[in-house]
Amino acid sequence: MSLFPNMRTPRLRSRSHSLRRGFGTVDTLLLVGGATLLAWGGLYVGRYSGRFDANEFDEIPHGPAPKVIAVAADPNAVIFRSGLAVYNKTCVNCHMADGNGRPEAPYFIPPLAGSDWILAESPNRIARIAMHGLNGPVKVKDAMYQGGVMNPQGQSADNPTGLTNEEIANVLSYVRNSWGNKASLVSLAQVDAIAKEAEKRAENWTVEELMKVPMSGGATASAAITPDQLKAALKALPAAELEAVLKDLKK
Ligand code: HEC
């Protein structure tokens with residue numbers, strides 16, 4: 001016999017009522033985020049979950065906590081989105097939105113889609129190309145490209161508005177995973193290490209020189225981005241881009 005025979009029914013009813021009323025976009029995001037998080041596995045969360053606390057991401061413009069959870073479920077989406085922004089700012093006019101370049105005269109711009117340079121295991125050579133540019137004949141997907149010059153895209157005394165190492169890491173992660181390309185992400189640590197090795201470089205690379213650059217050693221690729229990288233990427237992302245990431249995640 002219950003002490004409070006009248007308690008059960010009203011309590012249940014009011015709970016289900018409040019659940020129904022509150023179910024909206026935010027809950028959907030939470031659900032999608034939660035499901036992805038589970039699928040993604042315990043490893044990352046086990047290592048880093050303490051860092052995904054609401055206070056940690058206070059500086060996201062108008063970012064309520066549930067959105068942060070959705071982004072944390074797939075932090076690489078933020079890297080790809082940042083990389084896409086860099087690509088559209090810096091590379092798209094030459095290599096085009098579909099990554100196929102402009103092979104015809106007078107451009108002679110090779111493709112990034114399906115390029116064995118892009119898909120190489122190590123980013124040692126493509127990071128150098130992105131930083132300092134490329135000149136002279138280059139073979140891409142069994143075709144020779146000759147007559148085009150890629151100017152340096154990295155930040156330097158000569159090019160103060162050029163790309164930072166972080167932007168280079170993100171754009172390379174993006175091109176290595178777009179248009180059917182599939183390769184490991186490029187971490188900021190890798191690009192920092194490469195920048196240090198090539199510190200004194202001023203002129204564009206040639207293929208001959210690049211072939212001497214070892215494709216092993218140096219900083220190793222990261223399986224997933226670190227919380228600090230995620231934080232920096234989120235901070236750098238304009239609010240509209242953050243919305244786009246969240247939309248991508250919902251698909
Ligand atoms: C001004 C036009 C231009 C811009 C901007 C440009 N590239 Fe290039 N890129 C070229 C040309 C031309 C070549 C071939 C150079 C040669 O023939 O030596 C090339 C070659 C390359 C290669 C090696 C060959 C291949 O197709 O895989 C990579 C990698 C590359 N670019 C990546 C990038 C990335 C990433 C960006 C943006 C950060 C970028 N490029 C911006 C024109 C450009």
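This passage describes the iron site, the nonpolar cores, the cysteines and the confidence of a predicted model.

It is helpful to begin with confidence. The mean pLDDT of the protein chain is 79, and 68% of the residues reach a score of at least 70. Two stretches fall below 50: residues 9-19 and residues 41-65. Once near neighbours in sequence are set aside, residues 9-19 make zero contacts in the model, whereas residues 41-65 make 28 contacts. Readers who plan to work with the coordinates may like to keep these two stretches in mind.

We turn next to the metal. The iron atom of the ligand has two protein donors, NE2 of H95 and SD of M150, at 2.0 to 2.1 Å. Six donor atoms surround the iron atom in an octahedral arrangement, with angles of 88 to 179° among them. For comparison, the ideal angles for six octahedral donors are 90 or 180 degrees. H95 belongs to helix α5 (residues 76-95) and M150 to strand β4 (residues 149-150), so this pair of donors ties together parts that are 55 residues apart in sequence. The surroundings of the two donors can also be described by accessibility. H95 counts as buried because its relative accessibility is 10%, under the 20% cut-off. M150, at 24% relative accessibility, counts as partly exposed.

The packing of the protein comes next. The largest nonpolar core holds 31 residues, and those touching the most other members are Y87, W117, L134, V138, I168, L172 and V175. At least two residues of this core come from each of α5, α6 (116-119), α7 (124-132), β2 (138-140), α8 (165-175), α9 (188-197) and α10 (207-210). The biggest contribution is that of α8, which gives six residues. A second core, separate from the largest one, has eleven residues, among them V78, L237, V245 and L246. Within the largest core, V138 deserves a second look, as one of the residues that touch the most other members. Beyond its neighbours within four places in sequence, V138 contacts W117, A143, M144, Y145 and V207.

Finally, the cysteines. A disulfide is a covalent bond between the sulfur atoms of two cysteines. Searching the whole structure gives zero disulfides. C91 has a relative accessibility of 16% and therefore counts as buried, while C94 is partly exposed, at a relative accessible area of 40%.

Terms used
Residues are numbered from 1 along each chain as its sequence is written. This is a predicted model: local features need pLDDT of at least 70, side-chain atom pairs count only at pLDDT 80 or more; totals for chains, interfaces and linings use all residues. Side-chain values use heavy atoms; hydrogens and water are left out. Donors are N, O and S atoms within 2.8 Å of the metal (3.2 Å for Na, K and Ca); water is not among the atoms, so sites may look incomplete. Four donors count as tetrahedral if all angles lie between 85 and 135 degrees; four count as square planar and six as octahedral if opposite donors are over 155 degrees apart and all others between 65 and 115; anything else is irregular. Helices (H or I, at least four residues) and strands (E, at least two) are DSSP runs, numbered from the N terminus. Buried means under 20% relative accessible area, exposed over 50%, partly exposed in between (1.4 Å probe, protein chains only). A nonpolar core is a set of buried Ala, Val, Leu, Ile, Met, Phe, Trp, Tyr and Cys residues joined through side-chain atoms within 4.5 Å. Contact means heavy atoms within 4.5 Å. pLDDT is the predictor's confidence in each residue, from 0 to 100. A disulfide is a pair of cysteine sulfur atoms within 2.5 Å.
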